[in-house]
Amino acid sequence: EKTVPAGTFPSFMAEGAQLGRRGEHGKALACFNNALKLRAGDKHCLVARSKCYLKLGDTANALKDAEASLENDKTFCKGLYQKAETLYTMGDFEFALVFYHRGHRLRPDLEKFALGIEKSQEAIINCIGSPSSVKLENKEDLCFVSLQAESKKAKQKAQIQLAEDQTWRKQKKPGRNPRTEQQLLGELYADKLYLEKLLKDKDLMESSTKQGVRVAELVWSGISYLESRREFWQQQQPLYARERERRLRRRRWSRDQARRAPEAGRHLLRTVRDIEMLLAGDCPEESCRKAEHMLETIQGWSEEEVPNKSELIGNLHSCIGNAQLEMGQVEAALQSHQMDLDLARQNNLPEAVSRALENIGRAYARSGRFQQALDSWEEKIPMAKSSLEKTWLFHEIGQCYLQLNKAEAAQSYGQKSLQSADEEGDVEWQFHATMLVAQAQVKLKDYWSAILNFEKALEKAKLMGNKAAQRDITAALDDVSRIFIKELDERGEETTLYSLKGFDFSSQNTTGDQLGKDGAESEQSTENQENGKQKEDVRNYDGHGNSKEGEKEPENKEDERKE
């Protein structure tokens, strides 16, 4: 049986979204996996995980999650867009165009669907040419052509075309812009230059392998493959799409990635991606082993070989700590994240400091040490940049205070989380923050305020279409309403006893103290009326956010007519 991760669904979702914005897609994938363990089949989480798979190059799983998000709701716009994007990335431009059109019909106001239609059409034209340039001619009846003869003819034509293609390539000099070619091929551009350099060695080109294959044929096949890849990527990503992708790539890693990284640096980046993918794929042991081995290797290198050595070492400590936390080794994880924090502070890396404090707080909270988690997360508060990050952070701090039975502080942070959620306009986080405030007010015995906030949370749950949350809130409202009514009843009995104790039954004092006691009784009567009104409001509540007073209006109107 799969172990249930310690944490809440919204916290995993928010953490995954935040990591995705940083470009740490492997870590984000692990968060979305944990979220789906808590709430299997959630369509929003499936779309988010599909995006991570797509960023990591796993198009098969990306398509699988996108299709799963549409299983119960074929009109889910985010699922339609994600499926279209995945198909476009896979090169299925025609199917991608179909789903872009479906989304555009449902939401014509969203510009991303129109952009998807435009880029899919451009990619299709780049592949097959404009329809106006194709002319079909019917010169003979193909129904009577022998299939065997046709196959033989096609085979001969392919062989002739291959020979002509090789001859043409030998005669033709590369005419493409090297800068454009480098952008299209990426890391493979160095391989293409190496193969083209081999062509100048005539002795090598005339030699053959042990199997009798000419080296020249192998080299030309490699160059042909790279050129076909270049053409495919150019068709898949038109000029404006490549420009957008280029801007996104610049934000993914550190400031040193904008420069041309040395070979060692590129190797390290690939290894870090592998470590994150192993952790996201539920292989924390292998991820930890590989990260520790890489850490030992990189510590022997100089700053010239790895310009951002300290930052990379801190990132490795962070990966090791996350893997150790997944394996249940909380103390070891805390030590790794503390090393990450120390390195970040020594090298003045604010983003790394924020990351380390977040991870330390999560490790403490998972082990039940909520006060230590509070210390880390409260130190992170000034480093939070976006409203969404503040919403998540204030919510987690409020939950810790709630676990420590400090309801006033929990209520305060719940209200801060709600304020940030209102600034962001995120309905789901508005719901979670309102629930936190209501739970804190229940512990403070401020039942009337708790009932009002539960009603607001119920309205948010209805907007989200979350049936399970509606049932839970309705049950909580029933419990709090019963407690509140009982408290009002007890308060009324105490008030009556107090009034009787202050009353003198002797005839001598009935007139002397009458005025003072009348004033006290009027104050108690006013308080009783207020309590009675709140009690009546609670009793008229039907558990679904509606009042039962409306049901009595027809009788009241008939009584007024009779009078």
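**Exercise 1. Asn-348: buried or exposed, and where does it sit?**

Solution. Asn-348 comes out as exposed, because its relative accessible area is 64%, and the cut-off for exposed is over 50%. Keep in mind that we're working with a predicted model here. Next, place the residue: Asn-348 belongs to the loop between helix 17 and helix 18. Finally, check the backbone: the phi of Asn-348 is positive, about 55°, even though the residue isn't a glycine.

**Exercise 2. Work out the setting of Asn-405, then do the same for Leu-444.**

Solution. Start with the backbone of Asn-405: its phi is positive at about 60°, and again the residue is not a glycine. Asn-405 sits in the loop between helix 20 and helix 21 (407-424). With a relative accessible area of 60%, Asn-405 is exposed.

Now go to Leu-444, in the loop between helix 22 (427-443) and helix 23 (447-464). Leu-444 has a relative accessible area of 32%, so it counts as partly exposed. How far apart are the C-alpha atoms of Leu-444 and Asn-405? The answer is 9.7 Å in space, for a pair 39 residues apart in sequence. Leaving out residues up to four places away in sequence, Leu-444 touches Ala-407, Glu-408 and Gln-411.

**Exercise 3. Find out what surrounds Lys-192.**

Solution. First, locate the residue: Lys-192 is part of helix 10 (residues 188-198). Then look at its accessibility: Lys-192 is at 2%, so it counts as buried. Who touches Lys-192, if we skip residues up to four places away in sequence? Those partners are Glu-181, Leu-185, Leu-226, Glu-227 and Arg-230. One distance to add: the C-alpha atoms of Lys-192 and Gln-182 lie 9.7 Å apart, with their positions ten residues apart along the chain.

**Exercise 4. Describe the largest cavity: its volume, its lining and its place among the domains.**

Solution. Begin with the count, which is three cavities of 30 Å³ or more. The largest cavity has a volume of about 190 Å³. Its lining is made of 16 residues, and those nearest the centre are Glu-15, Cys-31, Asn-322, Glu-326 and Arg-362.

Which helices supply at least two residues each to this lining? They are helix 1 (9-22), helix 2 (25-38), helix 16 (309-326) and helix 18 (350-366). Sort the lining of the largest cavity by class and you get six nonpolar, three polar and seven charged residues.

Why does the largest cavity lie between domain 1 and domain 3? Because domain 1 (9-130) and domain 3 (267-383) both give residues to its lining.

**Exercise 5. Take the second largest cavity apart, then follow one of its lining residues, Ala-352.**

Solution. The volume of the second largest cavity is about 40 Å³. Two or more lining residues come from each of helix 16, helix 17 (330-346) and helix 18. Helix 16 gives the largest share, four residues. By class, the lining of the second largest cavity splits into four nonpolar, four polar and three charged residues. Among the lining residues are Ser-310, Asp-340, Ala-344, Asn-347 and Ala-352.

Now for Ala-352, which lies in helix 18. Is Ala-352 buried or exposed? Ala-352 is buried, as its relative accessible area is 11% and the cut-off for buried is under 20%. Not counting residues up to four places away in sequence, Ala-352 touches Asp-340 and Ala-344; both of these partners also line the second largest cavity. The C-alpha atoms of Ala-352 and Asp-342, ten residues apart along the chain, are 9.8 Å from each other.

**Exercise 6. List the buried residues of helix 19 and say what covers them.**

Solution. Helix 19 spans residues 370-380, and its buried residues are Ala-373, Leu-374, Ser-376, Trp-377 and Lys-380. Their cover includes helix 1, helix 18 and helix 20 (387-403).

**Exercise 7. Step back and sum up the fold in numbers.**

Solution. Count the elements first: 26 helices and zero strands. Then burial: 38% of the 563 residues count as buried. For contacts between residues at least 6 apart in sequence, 56% join residues at least 24 apart. Last comes the surface: the protein exposes about 33,700 Å², and carbon and sulfur atoms supply 50% of that.

How values were computed:
Residues numbered from 1 in each chain as written. Predicted model: local features only at pLDDT ≥ 70, side-chain atom pairs only at ≥ 80, totals over all residues. Heavy atoms only, no water. Buried < 20%, exposed > 50% of the residue type's maximum accessible area, 1.4 Å probe, protein only. Contact = heavy atoms within 4.5 Å. Areas by Shrake-Rupley, 256 points an atom, 1.4 Å probe, with all protein chains shown as cover. 1 Å grid on protein atoms, 1.4 Å probe; cavity = no way out; pocket = protein on both sides within 12 Å on 5 of 7 lines; lining within 4 Å. Points joined across faces, edges and corners; volume = space filled by probe spheres on them. Nonpolar A, V, L, I, M, F, W, Y, C, P; charged D, E, K, R; others polar. Domains from an automatic or database assignment.
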